[in-house]
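Welcome! Please take a moment with the sequence and the model below, and then we can walk through them together.

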Amino acid sequence: MADALPDFSGALHSLREDVEVSDLDVLESYAEALELEKEIAELYREVRSIELSQIQRQSLKRSLRQTLPPVSERWNPDRRILNARVKDGDRLAIYQEELQKLMQESDAIVSNAEELLHSLLPGLPDQTKEVQREAMRRVLHEMAEQGIGSEELEAPENAHEMATVLEKEAVRKLEESESSLKQALGELERAEELMGAGRVNAGGESNDIAGRLAEETLTNMTEHVVSAIEAISGEMENSLENVGKVREAMGRIDEALASAGDVNSELQARKADEPLLHTEEAVRALKTADRGMDAALHAAAGAARLRAEMRDGASSHQQRIAQQQVLQKLARAEAGTYLDLTRQMKGEDLELVPEPVPPEHQPPPIIGNFSGEAGRKLVKHGGISATWFHVNQWYILGPYDNRGRMNLQRVYPPESAIDLDAEYLGKNGARLTWTYDSFVEEMVAPSAGWGEYTIYYGFTELFFEEDADRWIAVGSDDRSDLWINDMPVWRSSNQLKRWSIDEGFRKVHFKKGRNKVVFRLENGWHNLGFSLLINAKPKY
């Protein structure tokens, strides 16, 4: 199974070539946006399925069957209203109201698409993505300073394309340098011929010692240029792989240029104008070749840095897969009642299996240490007298159908992305939307009651003023899953059972700021409920 995600670049919907965006009316633009969102959601489903198959070590085909694309049921605008001619104030008000709905729905489409695209590579954290973007900006700046300012360098939108362009640019610069070196060689050979002919005409080599010395220096220059050509001749890609050869060629050029001053001074003194013209032209060609090689090295180095960034990203993705695999096992109720997951949630000790927490390090019992509602913000200080608080504010979505528990392994949209404005199709084709509720009792169970053999989701955010490791207690009727910041921390057994406030305990890591918390709850028959309690004391 592949370790890294495939490259889906170029796979998204694009506008017809014969149409300009400015030519589309509002309905056509809306239709294009719907199509693009649909394809982004399907792309996200494929990426999510690949990751799921890696984490659970199952076939991609099975993962694709289990995963639904996270796309909302979108509003259908009234074409008659939007296409009709506005003849009076009443019709104008109706038109404006319909247009306002369309614009709001368009904004929701854009927001959802951006969120999905932002999450397409979950293995690359925000800071890693920013490192790649900064690397690209830095490399572009360096290329501009080196005179590599071709338009194609500004086109790439990701590190992979950028590295490929830089590698091609480096090869092109080497090829240009080789051409300049050959030009310099031709000029030097012509100068040598003219010098030899001039000495004979002046009375022979033995009577022209200064001229002979000048010609020897010129010959040395020529040999240096020949050596430089040999160093980079052949496959330019191979020359770049062996950077030492390019540096060797640049060293030969430096030696040739160092000799050029003596040669040109002697030629000027002798008023050998024609050989001087050729040597001066050779010097210009050598300097051009030197700049080209320097630019090639910078481009190759930039490509290498970007490739390294991508390898780091791939490594980060593999790390996340390993982290998810470990947490999937540790989250299971069967793994133990009391487990500490904090190091694994931080990406540490993924090779080690945590031992059950001994009694002396377990949190105190809930009974007698329960204070009620926790809200959604846990402060650093504040006179806490009790230990346990329950999370009482949730957004709830459901029900999805689970007759015969047929959808036990189905991955519904909330497990992929949270869009509080989305609308999904649920049981019997009913349209589902997120609804906010606050619960007095510790067991989350709306007074309206929940249906049998159904699946529900809950979402909230918990705010911490600083990084914190805390114990949580989870209970459910019947089975449940819990994720904190997209990491699984609890998976109850598949059996149908009653709710217990202390069904399982996990010590988890909360990051500074907002923490995303999602639960999935499956009901068999009769009652349904879920509870999440947090131990506020840091000492346990």
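The paragraphs that follow go from confidence to helices, then to strands and salt bridges.

Keep in mind from the start that this is a predicted model. Across the protein chain the mean pLDDT is 78, and 77% of the residues reach 70 or more. Two stretches call for some care as you look around. For residues 122–129 the pLDDT is below 50, and this stretch has 13 contacts in the model beyond near neighbours in sequence. Residues 379–385 also have a pLDDT that stays under 50, and here the model shows seven contacts beyond four places in sequence.

Now turn to helix 1, which covers residues 26–56. How far apart should the ends of this helix be? With 31 residues at 1.5 Å a residue, helix 1 should span 45 Å, and its end C-alpha atoms lie 44 Å apart, so the expected and modelled values agree. Step just past the end of helix 1 and you meet R57, whose phi is positive, at about 55°.

Further along the chain comes helix 6, residues 159–201, where E176 and R172 sit four residues apart. That spacing puts about one helical turn between E176 and R172. The side chains of these two residues meet in a salt bridge, with 2.6 Å from N to O. Are they buried or exposed, or something in between? E176 has a relative accessibility of 36%, so it counts as partly exposed. R172, with a relative accessible area of 31%, is partly exposed as well.

Helix 9, residues 243–270, is the place to find S259. Because buried means under 20% relative accessible area, S259 counts as buried at 15%. Which residues does S259 touch, leaving aside those up to four places away in sequence? They are T217 and M221.

Next, let us look at some strands. Strand 5, residues 393–401, has pairing to follow in two directions. With strand 8, residues 435–438, strand 5 pairs in the antiparallel sense over four bridges. One pair to look for here is I396 with T435, its bridge partner in strand 8. Strand 5 is also joined to strand 9, residues 454–464, by five bridges, and these two strands run antiparallel. In this pairing, L397 stands opposite Y457 of strand 9.

Finally, let us return to salt bridges. How many are there in the model? The count comes to 24. Besides the pair in helix 6, one of them joins D78 to R80, with the closest N and O atoms 3.5 Å apart. Its two partners fall into different classes by accessibility: D78, at 23%, counts as partly exposed, whereas R80, at 68%, counts as exposed.

Another salt bridge links D349 with R343, and here the closest N and O atoms are 2.5 Å apart. D349 is partly exposed, with a relative accessible area of 30%. R343 is partly exposed too, at 42%.

Salt bridges can also be followed from one residue to the next through a group. In this model, E415, R479, D481, R491, R520 and E522 are linked in a network of salt bridges.

How values were computed. Residues numbered from 1 in each chain as written. Predicted model: local features only at pLDDT ≥ 70, side-chain atom pairs only at ≥ 80, totals over all residues. Heavy atoms only, no water. Pairing = 2+ DSSP bridges. Expected span 1.5 Å × (residues − 1). Salt bridge = Lys/Arg side-chain N within 4 Å of Asp/Glu carboxyl O. Buried < 20%, exposed > 50% of the residue type's maximum accessible area, 1.4 Å probe, protein only. pLDDT = per-residue confidence, 0-100. Contact = heavy atoms within 4.5 Å.
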